[in-house]
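Visitor: I am new to this structure and would like a close look at a single part of it. Please explain each term as it comes up.

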Amino acid sequence: MQVVAARLPKDVAREIERIAVEEKLDKSSVLARATDLYIRHWKLQRALGLYEDGKITALKAADLAGLSIWEFLEELEKKKIPVHYSAEEFVEDFEAARKE
């Protein structure tokens, strides 16, 4: 692992300390978990936005978000984002999937 220093507001530092005590973890573990959750959330939101804007296909968006295509389609449904999938996009995704 790499060591990274960060300045945090006092109230955030207190919450990290409280969580660490309650979960019986060190503060670094609490921060690592929180950072992991944020990164996964950010990647999903980025993928959803690019997909909704028509900039990437569903398969590429799923890959960007670190999800299977089925998990990504479930996220689209949860967010009430319409699925737009042209025949051209299907062929593109199909060919990409065959190469993997």
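Guide: For pairs of helices, angles under 35 degrees count as roughly parallel, over 145 as roughly antiparallel, 65 to 115 as roughly perpendicular, and the rest as oblique. The model is predicted, with local features needing pLDDT of at least 70 and side-chain atom pairs counting only at pLDDT 80 or more, while totals for chains, interfaces and linings use all residues. Residues are numbered from 1 along each chain as its sequence is written, and side-chain values use heavy atoms, leaving out hydrogens and water.

The part to look at is α2, a helix (a DSSP run of H or I with at least four residues, numbered from the N terminus). Helix α2 covers residues 27-52, and its 26 residues reach 37 Å from the first C-alpha to the last, close to the 38 Å expected (1.5 Å times one less than the number of residues). At its N-terminal end α2 is capped by D26, which has a side-chain oxygen 3.1 Å from the backbone nitrogen of S28, and just after the helix G54 takes a positive phi of about 75°.

Among the residues of α2, V30, L44, A47, L48, L50 and Y51 are buried (under 20% relative accessible area with a 1.4 Å probe, protein chains only). These buried residues pack against α1 (10-23), α3 (58-65) and α4 (69-78).

The axes of α1 and α2 (lines fitted to C-alpha atoms over the stretch in contact, with angles from 0 to 180 degrees between N-to-C directions) come within 9 Å and cross at roughly 105°, and α1 and α2 are therefore roughly perpendicular to each other. Their contact (heavy atoms within 4.5 Å) is made by I16, E17, I19, A20 and E23 of α1 together with K27, V30, L31 and R33 of α2.

Beyond α2, in the loop that leads from α2 to α3, lies T57, a buried residue with a relative accessible area of 4%. Apart from its neighbours within four places in sequence, T57 is in contact with Y51, E89, E92 and D93, and Y51 is one of the buried residues of α2.

E92 and D93 also meet α3, for A58, L59 and K60 in α3 touch E92, D93, A96 and A97 in α5. The axes of α3 and α5 come within 8 Å and cross at roughly 50°, and these two helices are therefore oblique to each other.

Technical notes. Buried < 20%, exposed > 50% of the residue type's maximum accessible area, 1.4 Å probe, protein only. Polar contact = N/O pair within 3.5 Å; in protein donor to acceptor, adjacent residues only side chain to side chain.
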